[in-house]
Amino acid sequence: MKKILSLLWLITMGIAAHAQNGNFVKLSTAKFSTGNDAAWKETGFNDTNWKNIKVGDVWQEQGYSDYHGFAWYRIHVVIPSALKKQSVWGDSLRVFLAHVNDVDETYFNGKLIGKTGAFPEDRGGYVSKWPAVRNYCIAANDPAIKWDQENIIAIKVYDGGGSGGIFMGAPYIDMLEKFDGIVFTQTEISFLPNAQSVRKLTIGNSFKTNITGKFHYRILDEVTQKTIAEKTLNANLPPLRKETYTLAFPHREGIKLYYEFTETASGKTKTFAEIAPYLLTPKASLKPMINSAGVLGVHPGSPVLYKIPTSGQKPLKYMVKNLPQGLSFDPKTGIITGTAPKAGNYLVFVSVSNTLGKDEKILTIKSGKLLALTPPMGWNSWNCWGLNVSDEKVRLSAKAMVDKGLTDYGWNSINVDDGWQAPSRQSNGEIVPNEKFPDMKALGTHLHQQGLKFGIYSSPGAKTCGGYLGSLGHEGQDAGTYFNWGVDYLKYDLCSYSDQTAGDTTLFAQQKPYIVMRNELAKQQRDIVYSICQYGIKDVWKWGAQMNGNLWRTTEDITDTWESLYGIGFSQTNNAAYAGPGGWNDPDMLILGRVGWGENLHQTNLTPYEQYTHMSLWSLLSAPLLIGCDMDKLDEFTLNLLKNREVIAIDQDVAGKQAVRVINDKQIQVWVKQLADGSKAIGIFNLGEKYSKYTLDFNKIHMGKVKIVRDLWQQKDIAKNVAAVSCIIPPHGVRFYKLM
Ligand code: GLA
């Protein structure tokens, strides 16, 4: 985990997700010491000589820049009895500590009130739980609480790498009210044939007490700001029970749903709002459609594995002509295998048919130096499973990729991120997987059998960002192991290698680890896509290709908020010139579907408008497309976003020209991508908070009259022979067009 997140994100997370009740006490500063001593939890311990620290920002930003390991916070806080008196429920005191990098154990006047993650000395070893929010409670009548006097909240923290300490929020103490126990969950949404949607929402009581109140909902048209429907219902929720509500409304863009639960005793209201998901991509044709960019880069003499991505009603029959010697194909699966021919370009004729029709395409196999002639597409375990990834989860993801038809659209790589490594190497230095991965080679074979690629993760440092074993000093051996396992893709993540470069600010210091692994990969007679992950340090886009990198991360880690998406996506303005066939700028993985970094898996926090923006912008940017969600639980809306052949074709365009921002006009940005066939893809983005009208005069983007304006999401021509286009764009949303 990089764990250095934008300030903006911290602020929003803190406020949006964890608003305290009316009366609360801020926990802003603490006494702080690095190291570890069990006596530091005691109320009587004398910490007057300890330094002060701000609670809520990582310690690396407060004078401990290189420190990893144990540290303690001791927060001295007077808790006024008024808190208890003014509370209606009066049951428990809540200590909110936001997030902790990486593990914590929290004591209230010496009494243990919570622990999240596992310390290195715990059974099973270190487990980071930085994404988990720490909300610890103590009964209001617990004698450990000293009302109107000073209390000591002592927090033992362990940082396993990256940043350390209490962060991403403003800690506080308050009294719980019953309405805090209310949890809204959107269980499902159905899109009915009559242009209606039906949302199922559950209101859960997470407390062991009855909660009585009223549930009010309102359905709003965001464009006209008119209420379409609203209703108030009585809601009585027994302990730990939930109630399901069904709401029906028109299936279209621009529907906002407001939910409110008002608890009777306290009169306090918990609210929740969402933009109703809506499908823009029409149902796919049942006729065969080849969804391949039509180019394949291979190294002469390396094993080839390529499944021709084709949508349409199964069974499909594949036919391939002019396949170079050494390659063969399976007419039932459309998988091409064998050994790559000697250097050269080979034009292969591909035809796919079913009972309804057929589609044909030329596939150019380019045997030479370059791999990844179009941006890689696949799945990576990180944004979903974090360090909890396992063989079983990876296999389920692969199965889902095939069963849900994603492979028909070109999604083909299954990449295991951090968390697969055993705690130590074998006596001969060989890296081995941990107990969650019984047999890596077998996993590779299993993926290959389905035409899928196998991706893996390591770090040039001694430790990965998650604290697992890295490749330092074993690079050659690890590259050999990847070869044996049939690995097709390596994400090589800087992490603790920064310890090696400490103080050395030269460019070479940053390049060195990537050169070492580049040279080791080159020795393997296997096409291994090389994903450089060092968060954009020293403008990696300028030299990533020299490292034989096929993609290079340009930023810090992404997370599923608008602030993160905006901060990363819309800042890709200075690197377009460096992307192209064989080497791509990587603004990080997709934050669509159910994500959670191994903790509290949830449907992405992006609104549907923002999700359309995400896919459109990434496609314009020629970004690698790596799904980061629980594939097994892919919902209809997310699948609809991921299976639009025209949108994917923009990302996969063979010219590989990353879009540039041509207009930045207050809240509107227009990004333009030149396509191989001479046409252009444009994204008109509304970064504002309200629906916005915009007219784009094509001469502003250096074009005259346009023959056809095609809406890519709707796969529909919307204008012919025009010199401008007018649209109304949802907040944080997009209109994504192809101008022909
Ligand atoms: C870093 C990377 C992430 C992920 C984690 C794994 O934070 O940027 O994409 O690989 O490490 O620990």
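A residue is called buried when its relative accessible area is under 20%, and this cut-off is used below for a helix and for a single serine. The model described here is predicted, and the briefing looks at an open sheet, at the surroundings of Ser92 and at helix α6.

**The six-stranded sheet**
- Six strands form an open sheet in the order β3-β2-β4-β9-β6-β7, and their pairing is antiparallel.
- At the edges lie β3 (51–54) and β7 (111–116), each of which pairs on one side only, while the twist from one strand to the next averages 25°.
- Within this sheet, strand β6 (residues 103–108) and strand β9 (residues 150–159) run antiparallel and are joined by six bridges; Tyr107, for example, has Ala154 in β9 as its bridge partner.

**Ser92 and its surroundings**
- Ser92 belongs to strand β5, which covers residues 92–101.
- Ser92 counts as buried because its relative accessible area is 9%, which is under the 20% cut-off.
- The side chain of Ser92 makes a polar contact of 2.6 Å with the side chain of Asp91.
- When neighbours within four places in sequence are left aside, the residues in contact with Ser92 are Cys137, Ile138, Ala139, Ala140, Asp174, Met175 and Leu176.

**Helix α6**
- In helix α6, which spans residues 475–485, the buried residues are Glu475, Asp478, Ala479, Gly480, Thr481, Tyr482 and Trp485.
- These buried residues of α6 pack against two helices, α5 (440–449) and α8 (507–522), and against two strands, β30 (453–458) and β31 (489–493).
- After α6 comes Gly486, which has a positive phi, near 80°.

Methods: Residues numbered from 1 in each chain as written. Predicted model: local features only at pLDDT ≥ 70, side-chain atom pairs only at ≥ 80, totals over all residues. Heavy atoms only, no water. Pairing = 2+ DSSP bridges. Helix = DSSP H or I, 4+ residues; strand = E, 2+ residues; numbered from the N terminus. Axes fitted to C-alpha atoms, helices over the stretch in contact; angles between N-to-C directions. Buried < 20%, exposed > 50% of the residue type's maximum accessible area, 1.4 Å probe, protein only. Polar contact = N/O pair within 3.5 Å; in protein donor to acceptor, adjacent residues only side chain to side chain. Contact = heavy atoms within 4.5 Å.
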